[in-house]
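Here are my notes from a look through this one, with salt bridges up front and cavities after. Have the structure open while you read.

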Amino acid sequence: MARNRFVPDFDPDCGDASLSSARHDIVIGRWQGLRELLRTTGPDWLARGHRVRLLAQACTDSSTVETWLAAEPHSADALVLRAATETARAFNLAIAAGRGVGIDQQRIDAAVLACLSAAEAYLDDPTPWISLISVARLYPSGVRRQELARWWDELHRRDPYSMEGHLQVLHYYSSRWHGSHGLMYDFARDAAGVAPRGCPLPVLVQYARVEEFRSALDTAHGRSTAVGRGQHWTNDGAVSDLRRTWERWIVGRPRRTIRPGELRDINYLAHAACSAGAEDVATPLLEFLGPRATRTPWSYTGDPAQQITRWRKEWGVRG
């Protein structure tokens with residue numbers, strides 16, 4: 001009997017069926033599904049952050065969140081989603097304008113005000129503070145160090161091991177935005193160093209390595225061969241970082257299932273292991289993932305499906 005051909009599953013919702021249903025409601029302009037989803041999510045910050053981020057992306061080209069707010073102007077969940085949506089809209093404007101081209105500062109200010117309103121409406125929720133740190137990148141010179149530190153303290157107080165929150169700070173400190181490779185790696189390693197065993201924060205170092213690679217691609221105008229592609233992933237430092245993350249996070253991780261909000265992080269570690277040729281780490285990660293995959297970071301080094309399929313075949317990965 002012929003063996004079934006492996007096909008990666010790039011579900012944009014990462015297997016979150018309830019989220020998929022709510023995103024369908026956005027298409028038809030129905031906001032009640034969003035209200036119910038966020039109400040039932042409650043203070044599960046990992047799930048809430050994942051859902052708000054993807055709902056916001058789906059809301060950017062519709063008026064669904066505004067319709068919800070018109071019906072329930074004091075809804076904390078609606079205000080949180082509106083803040084994330086305004087942040088996503090501002091980033092869409094920046095992407096459309098092109099790198100190095102500023103956008104109307106009033107749009108950035110409006111997103112910031114939406115985030116602050118949401119934070120006031122839902123005092124315990126770290127999500128508006130994540131949106132706030134994210135949109136801060138769009139100011140041409142960033143924000144004052146004291147302001148960023150205050151926002152970070154508010155986020156950290158609510159969810160000290162927020163992966164998405166740390167990731168937004170890492171992007172802010174990257175050379176493509178308002179920092180440098182050194183500052184970015186220092187932040188990632190400091191966060192990894194204080195994370196308890198089984199916490200995903202050590203994978204921030206792998207995010208930083210991908211960010212450095214993207215910066216090099218930008219400088220080389222997309223010619224990946226010009227950025228020492230292989231050495232970037234296989235040098236001693238990269239491999240040591242990879243194995244440290246594996247030991248601190250995956251080996252020490254009590255849960256043996258993958259939640260939707262974790263899927264991208266595990267793909268970053270699997271990508272690093274494959275790129276480094278570390279079969280002993282990559283194989284169990286690919287088996288753990290099965291067909292579940294995210295397009296990033298694989299898309300930065302080639303076709304995602306081809307790469308995942310090739311590595312699985314090369315190492316005889318099952319499942």
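1. Start with Arg-35 and Glu-72: their side chains form a salt bridge, 2.4 Å from N to O. Arg-35 belongs to helix H2 (residues 32-41), while Glu-72 sits in the loop between helix H4 (64-71) and helix H5 (76-97), so the contact ties together parts 37 residues apart in sequence. Bear in mind that this is a predicted model.

2. Buried or exposed, what about these two partners? Neither label fits: Arg-35 is partly exposed at 32% relative accessibility, and Glu-72 is partly exposed too, at 23%.

3. Next, look at Arg-48 and Asp-77, a salt bridge whose closest N and O atoms are 2.8 Å apart. This pair also links distant parts of the chain, with Arg-48 in helix H3 (residues 45-59) and Asp-77 in helix H5, 29 residues apart. Here both Arg-48 and Asp-77 are buried.

4. For a local pair, go to helix H8 (residues 145-158). Arg-150 and Glu-147 are both in that helix, three residues apart, or about one turn. Their salt bridge has its closest N and O atoms 3.4 Å apart. Arg-150 is partly exposed at 37% relative accessibility, and Glu-147 is partly exposed at 22%.

5. Some charged side chains share partners: Arg-189, Arg-209, Asp-241 and Arg-244 are joined by salt bridges into one network. The structure holds 23 salt bridges, so the pairs above are just some examples.

6. Now the holes. How many cavities of 30 Å³ or more does a search of the whole structure find? Two. The largest has about 60 Å³ of space. Its lining is made up of Val-205, Gln-206, Arg-209, Trp-233, Ala-238, Asp-241, Leu-242, Ala-272 and Ala-276. Arg-209 and Asp-241 in that lining also turn up in the salt-bridge network.

7. Three helices each give at least two residues to that lining: H11 (204-219), H13 (236-251) and H14 (263-276). By class, the lining residues are six nonpolar, one polar and two charged.

8. The second largest cavity has about 50 Å³ of space. Its lining includes Asn-267, Trp-298 and Ile-308, along with Leu-289, Gly-290, Pro-291, Arg-292 and Ala-293. Helix H15 (279-289) and helix H16 (304-314) each supply at least two of the lining residues. The class split here is six nonpolar, two polar and two charged.

Terms used
Residues numbered from 1 in each chain as written. Predicted model: local features only at pLDDT ≥ 70, side-chain atom pairs only at ≥ 80, totals over all residues. Heavy atoms only, no water. 1 Å grid on protein atoms, 1.4 Å probe; cavity = no way out; pocket = protein on both sides within 12 Å on 5 of 7 lines; lining within 4 Å. Points joined across faces, edges and corners; volume = space filled by probe spheres on them. Helix = DSSP H or I, 4+ residues; strand = E, 2+ residues; numbered from the N terminus. Nonpolar A, V, L, I, M, F, W, Y, C, P; charged D, E, K, R; others polar. Salt bridge = Lys/Arg side-chain N within 4 Å of Asp/Glu carboxyl O. Buried < 20%, exposed > 50% of the residue type's maximum accessible area, 1.4 Å probe, protein only.
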